[in-house]
Each structure stands twice: as C-alpha cells, then as structure tokens.
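I opened a fresh page for this one and went through it piece by piece. These are my notes, in the order I looked things up.

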Amino acid sequence: MRRGFLFLMTGFALTIANLALAQEQSITVPKSIEAGSAFSVQCAGSGEGTLYIVGPGQVLRRQVQRGATATFPAGSLTHAGRYLAILSPSQSPPDAGSNPVSSFDVVPAAQPAKMSFLARPSRLPVDIHNAITGAVYLFDAYQNLILTPLPVSFELTNPSGAVQKRSVVTRDGAAWTAMDSSAHEGTDRFIATTGEVSSTRAVVQVTGDACNLRMNVAPADGKLLVQTDPVRDCSGNAVPDGTIVTFTEAIHDEKTTVDVPLKRGIAKVEMPAVRDATLTVASGVSLGNQVRWEK
Amino acid sequence: MSRHLMIHCIAFGLSACLAAAQPALRVEPAQPQGSQALAEQTRSGVISDYLSAWQSMGSALEQNRPELLDRDFVGSAKDELSSTIAQQASLGMRSRYRDDAHDIRFVFYSPDGLSIELTDDAEYEFQVYARDKLQAAQRMHARYVVILTPGAARWSVRVLQASPQE
C-alpha cells in the first residue's frame, strides 16, 4: 500500500517536473504575422539556444538568449504560408520530442501592390457578345496572393469614348469579367483597377465577315463586268482591302471561279458573257446575291 | 506452389506499401467560378500534376536540390522554393514534407483556360533537420491556395501558399 502510494507520488512529481520544464522551455510566437512586418518571439528558460523559423517559403536561424525576446525587423519574413518556430538548445543533443515548437501563419499584406491581368483575346471581330474576358489575380508587394475580398473595376473603352464598366469582388484572390466587343473597329483600352494599382491591355477589334454581299452585272465589250457594292460587315464597317471575294459563273454543268481581292472596298472582274449563265458571289462564309444572264 | 505464393505475397506487400505511400485524396465535385466548365480530363490532369508537385517539393526540400522543382513549378512558387532550398543549404538544414491527405476544391478556372486555382486542405508531416539531427517533427494541417498554369505537357504550380484555416 505504502509502496504504491510512493510510486504514485513519484510519477506525479515527474509529471509536474516535465510540465515545468516544458513551461520553462516554451516559445511564444504570434499566431499570425503580416508579410514583411516586424515581429518578436519570446523564448522562455535560461541559457543559449538556436531559434529556427522554417516554412516552404523561407528559413531563418537566430542564436538567442533564453528568457529574452528575439526581435525580427521588418522584411524578415515576406513569404506567406505556415511556419514552424523551433527552439533548440545549444549544448545538449537535440531530441525531436523535447524541442519547443510553435506553428504560426504569415499572411499577405492587406494592400495590393501588383496585379496579374489576363485579357483575351487581343484581337477579335466587332460586335460579339461577352467575347472579351479579363481575369485578375491580386498580389502584395512580396508576390503573395491576397485572399481577402477586394473590389476590382474593369473598364473597356473604345476609340469613340464609349465605356463598358464592371465591378467585381475578388474571391480567393481572383476576379473575372466578360465584355462585348464594340460595334466599330479600332483598338480598345481594357483597364483593371484596384486601389492604387491598375493594369491596361489593348484589344484590337477588326471588321467581321462581309455581310449583305451584293454584286451588279453589266455588259462590256462582249463580256460581263461583274462588280460588288462596297463590301461591309454587319455593323457597317468596311471590310479591309485584300479580303478575297469569289465570283462563280455556272454555264450548264461547267463552272468558272475567280478569286479577286478587294480594292478600295470593292471587287470586280470580267467574265464571259454566255446566255443563261448563273453568276454568284461569296466572301468567306458570306454568300451574296445570284444573277442569271439571259441576254 | 510455395514459390508462387511467396511472389504473390511480395507483390501484395509492395502494392500495400505503395498504396500506403499515396496520400488520401478527396475532390469536391463542384464547378469552379469562371465562364467555362472544367472538363473531367482537365480536372484529373490538374490533380495528378498537383499531387506530383508535392512529391517534387518534398524531394527537393529534403535533398536540397532545386533542380527537382523544374518539372512541376514555375514563376514565384519555383523562385520561393528555390530560395528556401538555398537558405537551408547555407544553414546546414533540410526539411521533410510527407503529405498524408488532400481535400481539393477547384475555385477558379480563368475564361481563357490559362490558369486554374484550387484550394487544398492538406494534412502533412513536417520534419526539420539541422546538421542531420532532427529538430522537430510536427503534424500540420493547412489550407493551401494553389494556382496552376498549363505548360507544354502538364500543369505547373505557379502559386502555392498556405493560409490560415477558415
């Protein structure tokens, strides 16, 4: 009975001693530190030791005096992530179970300093709904992704000054939007802004395919002069010179095809004048009118 | 007969070991924000490449060999890890990450298809060595935010950042 009590008391004393030792050797680190800001680590106990701060983004080592506070100046820890602070005694051989350890987080700074702005496409036809997309990721001055929600303003301005605006709040550091390409060709400015940070991309809008393609046929010196009206896209923009227009003349089972580049907005060609010939015109995917020559 | 049995046992033991080495994986089926749907093939490719990146990171930090990051990391993630490896090497340190479980959720697929963001509630064993002596071994649980971008043949990790758990 007495022996059992003694055994119990010894165990209790050892536990108390271990707890006291752990208390004596503990380190105290803030649970969260803003990237780049100064911080301090309290190292309890006495004697010298080595303080390690280790994470996937950074590693620091500092000789410390136990019982004192180790201070780290601004700029010491800049990469966001989860870190371990480990206090290792200088003399005794380290034992993984006995070194005081504390984990803490380095979080991104609150203010964005950099923006990654992806705008696509850089060139597209006019007048397409939601065809221009912009996506941003926001980073602090140390290239950490800022995860707290922040408002981002997207503006797409065309050469005539018309503006499309969207305001989006970031989620997990990202925000995106989609906008329409404008009705007229030209280079639009696509701007993403948050706080003092902004980024601009150019989006070139070109005329679309020919629309309402129309040709006229007239006799000329025993041949047919075939000529288009000025070729425009569906928004009224002139289709650029050099765009190929294809004329086809079908005489019974025979077909003659001629490709002609636009010159000064129109395409023209001479074709044989044959009675009952059928003439058609096309450009890209657009099919124009059809004329039957009956003379 | 007994020889066959022994070969089967060895094969079974090896496969059991390999299975044990694989981290547990859970992927939330929800579609990420963004204008386009994430195809199943893309989703599985991203997960496979991301888990491979953890293996590369673990090996690179354990052996202090930054070249092991080349296949799976680009941009700031690669720069940070390379810098950490250089710091470890100069201080006579190394660290060991062994990922035990991943709980992945796709959060953003950019409309142009050029970046994917996911979050990962990861559980891992973290060990720190100085002069080849174990200084600390800790089980960690952290929420990682990850951005991957496509390369020629695989997705590469561009941002790998642990954040406080919500």
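**Salt bridges in chain B**

I began with Glu123(B), which forms a salt bridge with Arg139(B); the closest N and O atoms are 3.6 Å apart. Glu123(B) sits in strand β3 of chain B and Arg139(B) in strand β4 of chain B, so this pair ties together parts that are 16 residues apart in sequence. I keep in mind that this is a predicted model.

Next I checked accessibility for both partners. Glu123(B) has a relative accessible area of 32%, so I put it down as partly exposed. Arg139(B) comes out at 48% and also counts as partly exposed.

The pair has company. I found Arg98(B), Asp100(B), Glu123(B), Glu125(B) and Arg139(B) linked in a network of salt bridges.

I then looked at Arg26(B) and Asp103(B), whose side chains meet in a salt bridge at 2.9 Å, N to O. Here Arg26(B) is in strand β1 (residues 24–27) of chain B and Asp103(B) in strand β2 of chain B, so I have a link between distant parts of the chain, 77 residues apart. Arg26(B) is partly exposed, with 45% relative accessible area. Asp103(B) is partly exposed too, at 24%.

**Salt bridges elsewhere**

How many salt bridges are there over all chains? My search of the whole structure gave 18.

One that I looked up in chain A joins the side chains of Lys165(A) and Glu155(A), at 3.9 Å from N to O. Lys165(A) is in strand β13 (residues 163–169) and Glu155(A) in strand β12 (residues 151–157) of chain A, with their positions 10 residues apart in sequence. I noted Lys165(A) as exposed, at 57% relative accessible area, whereas Glu155(A) is partly exposed at 25%.

**Interface of the two chains**

I scored the model before going to the interface: ipTM is 0.85 and pTM is 0.79. On contacts, I have 46 residues of chain B touching 37 residues of chain A. The area buried between the chains is about 3,700 Å², and carbon and sulfur atoms give 61% of that. Glu80(B), Gln135(B) and Gln161(B) supply 17% of the area that chain B buries against chain A, more than any other three residues.

For the polar side, I counted 11 residue pairs in polar contact between chain B and chain A. Which elements of chain B each supply at least two residues of the side that touches chain A? They are α3 (75–90), β2 (93–109), β3 (116–130), β4 (133–150) and β5 (155–163). β4(B) gives the most, with 12 residues.

The rule finds 1 salt bridge across this interface. The side chains of Asp172(A) and Arg143(B) meet in a salt bridge at 3.0 Å, N to O.

**Tyr137(A)**

I wanted one residue to follow in detail, and took Tyr137(A), in strand β11 (residues 132–139) of chain A. Is Tyr137(A) buried or exposed? It is buried, because its relative accessible area is 3%, under the 20% cut-off.

Leaving aside neighbours within four places in sequence, I listed its contacts: Lys114(A), Met115(A), Ser116(A), Leu145(A), Gly173(A) and Ala174(A) in chain A, plus Phe108(B), Ser115(B), Glu117(B) and Ile147(B) in chain B. With Ser115(B) there is a side-chain polar contact of 2.7 Å. I also took the C-alpha distance from Tyr137(A) to Ala238(A), which is 38 Å for a separation of 101 residues in sequence.

**Cysteines**

I get 1 disulfide over all chains. Cys211(A) and Cys234(A) form a disulfide, with sulfur atoms 2.0 Å apart. The link is right-handed, at 85 degrees about the S-S bond. Cys211(A) lies in strand β17 (residues 210–211) and Cys234(A) in the loop between β20 (232–233) and β21 (244–251), so the pair ties together parts of chain A that are 23 residues apart in sequence.

Cys234(A) counts as exposed at 62% relative accessibility. I also looked at Cys43(A), which is buried at 3%.

**Confidence in chain B**

Last, I checked pLDDT. Chain B averages 87, and 86% of the residues score at least 70. Over residues 1–20 of chain B the pLDDT is below 50, and this stretch has 0 contacts in the model beyond near neighbours in sequence. Where pLDDT is low, the predicted coordinates should not be read in detail.

Methods: Residues are numbered from 1 along each chain as its sequence is written. Chains are lettered from A and ligands numbered from 1 in the order in which they are written. This is a predicted model: local features need pLDDT of at least 70, side-chain atom pairs count only at pLDDT 80 or more; totals for chains, interfaces and linings use all residues. Side-chain values use heavy atoms; hydrogens and water are left out. A disulfide is a pair of cysteine sulfur atoms within 2.5 Å. Helices (H or I, at least four residues) and strands (E, at least two) are DSSP runs, numbered from the N terminus. Buried means under 20% relative accessible area, exposed over 50%, partly exposed in between (1.4 Å probe, protein chains only). pLDDT is the predictor's confidence in each residue, from 0 to 100. Contact means heavy atoms within 4.5 Å. Buried area is the accessible area (1.4 Å probe) that two parts lose on being put together, summed over both. A salt bridge is a side-chain nitrogen of Lys or Arg within 4 Å of a carboxyl oxygen of Asp or Glu. A polar contact is a pair of N or O atoms within 3.5 Å; within protein, one must be able to donate a hydrogen and the other to accept it, and residues adjacent in sequence count only if both atoms are side-chain atoms.
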